[in-house]
Each structure stands twice: as structure tokens, then as C-alpha cells.
Amino acid sequence: MEVEMFQVDAFASRLFQGNPAAVCLPDEALSARLMQQIAAENNLAETAFVTKKRDGYDLRWFTPEEEIDLCGHATLAAAHVLFRHKKVQETTLRFHTLSGVLRVTQSGERLRMLLPLREPCLCAMPEGLAVALGIAPPLAVYKAKEYLLVLENEAAVRELQPDFQRLNRIDAPGIIVTAAGGETGVDFVSRYFATHCSVPEDPVTGSAHCSLAPYWAKRLGISKLFARQLSERGGTLSCEIVNGQVALEGEAVTYLYGKIYLSAKE
């Protein structure tokens with residue numbers, strides 16, 4: 001059995017930027033165990049598995065350690081592969097996922113996807129988190145699914161040097177740090193840490209913007225925002241609040257194409 005696989009840099013207009021994701025296109029659905037093994041073998045933050053169905057596509061996402069319920073950059077990568085390499089004729093792709101039906105539309109080189117909005121609420125600071133991040137207490141702490149810490153300025157976000165061993169002991173599905181944009185010329189910046197699933201720092205995190213976009217939209221009083229994730233690779237996104245959802249736009253670039261060879265025993 002052979003499975004086509006692409007590796008795509010998402011939220012990037014050039015190679016070696018943005019967030020790399022693998023996109024696998026099996027002819028039929030694979031077992032969860034096999035998908036997890038492939039994701040571990042790829043050793044990327046995310047591997048997406050796409051299978052055709054009558055009214056769209058099934059889409060599942062795996063880190064090297066576990067299946068997750070939402071991944072923005074791997075969704076963007078999957079849509080890029082279908083539009084550019086598989087030449088699908090639909091104007092809008094429908095992905096059936098653990099987070100419901102996600103839609104992605106192509107506009108020139110850019111892709112626009114609708115993700116669920118996750119409104120963050122004020123909460124207490126988890127014990128040990130400030131020390132693990134190496135920061136003074138933040139301006140505010142929120143939580144939707146992940147913790148969201150608001151820092152003083154862009155430089156504070158960029159210069160963070162977390163202690164990942166300490167961070168790994170924090171009971172949190174993910175940690176977002178953010179601040180208003182400054183020298184980058186965007187509305188806000190962020191970084192994202194997910195040590196619990198073997199992703200110490202994610203280069204560009206679409207799902208984090210499901211909480212970042214509503215927070216900054218309310219704070220800045222605008223519904224359309226431009227964002228920059230300040231990882232080493234970096235990535236740029238356009239965000240918009242649309243009918244209770246978060247629309248994210250970005251570009252993607254194909255890095256490689258190949259095939260996975262699975263023995264009959266698998």
C-alpha cells in the first residue's frame with residue numbers, strides 16, 4: 001500500500017518560514033494507530049490525513065504523540081495540496097473534523113479558512129508559569145482552551161526564553177503569550193508553547209488565533225486584524241471575526257512530495 005504525502009510550509013510565502021505540516025492522502029481511511037505511527041515517524045508538529053467523502057473530506061490531525069481536535073496550519077496545508085496539486089474544482093473545500101465542518105476558500109495565492117471562535121475569559125495565573133516563562137507577572141491572564149498571557153510590549157514577547165523543563169510541568173493544553181504590535185507593523189504579536197505534546201514552541205499556530213483574534217478585536221475595537229507569530233521561523237496571518245467565527249488567511253508553499261510505503265502487515 002502506498003500513501004501520497006506532501007510537506008508544506010503554512011502561513012508562509014517562501015520556503016523555510018511559517019509552520020511545516022505533512023499532508024497524507026490515503027485512498028481509504030487508515031486506523032488511528034497507523035496514523036499515529038506515521039505522525040511519529042514524520043516527527044513534525046502536525047501530520048494531517050485527508051480522505052475523500054461524498055460531501056467533502058475527512059480531516060484528522062496528529063502530533064508525534066497524540067491526535068488533536070483542531071489545527072489551523074495543517075488545515076491550510078491540506079487545502080493548499082488539494083487546490084494546487086490535486087486541482088480540485090470546488091471553490092470552497094469542506095473538511096469534516098473533530099471541531100465540526102471547516103471551510104477553506106482559495107483567493108489567488110491566499111487561502112481563507114473559517115475556524116471556531118474561542119472567547120478567552122480572565123482567570124488566575126497557574127502556579128509556576130511566570131517562573132517557567134522567565135517573566136514578571138503579565139498584564140492579564142485569560143483562558144479559553146489554552147492560557148493566554150498578555151505582556152507589556154512586542155519586545156517582551158520576542159525576548160522570552162522559557163525554561164522548557166519547568167514549562168512541561170505546568171498543567172496546560174497550551175500557553176499563548178501576546179502583546180500589541182510594535183516595530184513589526186501588525187496589530188498584535190504572539191508565541192505559542194505546547195510542551196505537553198512534544199511541541200516546545202510552535203512556529204505558527206492557527207488554532208491559537210481562535211482566542212487571540214476575539215481578544216484583540218475587542219481590545220482594539222476592530223474586526224479585521226493582522227498578526228505576526230514571533231517564532232524563529234515566523235509567520236503572518238490575517239484575522240477577521242465573521243458571524244461568530246474566526247476567519248484566518250495566509251499562504252502556503254510546498255517543500256516536498258513523496259510516497260509512504262506500507263507493508264501488507266500494517
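Here are some short exercises, with worked solutions, on a predicted model of a protein chain.

**Exercise 1. Helix H1 and its surroundings**

Find the buried residues of helix H1, then work out which strands they pack against.

*Solution.*
Step 1: Go to residues 32-42, the stretch that makes up H1.
Step 2: Pick out the buried residues there, which are Leu-34, Met-35, Gln-36, Ile-38 and Ala-39.
Step 3: Now look at what these buried residues pack against: strands S2 (19-25), S3 (47-53), S4 (56-62), S5 (67-68) and S18 (252-261).
Step 4: Finish by stepping just past the end of H1, where you'll meet Asn-43 with a positive phi of about 60°.

**Exercise 2. A salt bridge inside one helix**

Look at Arg-158 and Glu-154 in helix H4: how many residues apart are they, and is each one buried or partly exposed?

*Solution.*
Step 1: Helix H4 covers residues 154-158, and both partners lie in it.
Step 2: They sit four residues apart, which is about one turn of the helix.
Step 3: Their side chains meet in a salt bridge, at 2.5 Å from N to O.
Step 4: Glu-154 has a relative accessible area of 5%, so it counts as buried, since the cut-off for buried is under 20%.
Step 5: Arg-158 comes in at 33%, so it is partly exposed.

**Exercise 3. A link between distant parts of the chain**

Locate Glu-251 and Arg-110, and say where in the chain each one sits.

*Solution.*
Step 1: The side chains of Glu-251 and Arg-110 meet in a salt bridge of 3.8 Å, N to O.
Step 2: Glu-251 is in the loop between strand S17 (245-250) and S18, while Arg-110 is in strand S8 (residues 110-116).
Step 3: That puts them 141 residues apart, so the pair links distant parts of the chain.
Step 4: Glu-251 has 25% relative accessibility, so it's partly exposed.
Step 5: Arg-110, at 27%, is partly exposed too.
Step 6: Zoom out a bit, and you'll find Glu-251 and Arg-110 in a network of salt bridges that also takes in Arg-112, Glu-240 and Glu-249.

**Exercise 4. One more pair**

Which residue forms a salt bridge with Asp-163, and is Asp-163 buried or partly exposed?

*Solution.*
Step 1: The partner is Arg-166, with the closest N and O atoms 3.4 Å apart.
Step 2: Asp-163 has 31% relative accessibility, so it counts as partly exposed.
Step 3: Arg-166, with 41%, counts as partly exposed as well.
Step 4: To put this pair in context, a search of the whole structure turns up 17 salt bridges.

Definitions and conventions
Residues numbered from 1 in each chain as written. Predicted model: local features only at pLDDT ≥ 70, side-chain atom pairs only at ≥ 80, totals over all residues. Heavy atoms only, no water. Buried < 20%, exposed > 50% of the residue type's maximum accessible area, 1.4 Å probe, protein only. Helix = DSSP H or I, 4+ residues; strand = E, 2+ residues; numbered from the N terminus. Contact = heavy atoms within 4.5 Å. Salt bridge = Lys/Arg side-chain N within 4 Å of Asp/Glu carboxyl O.
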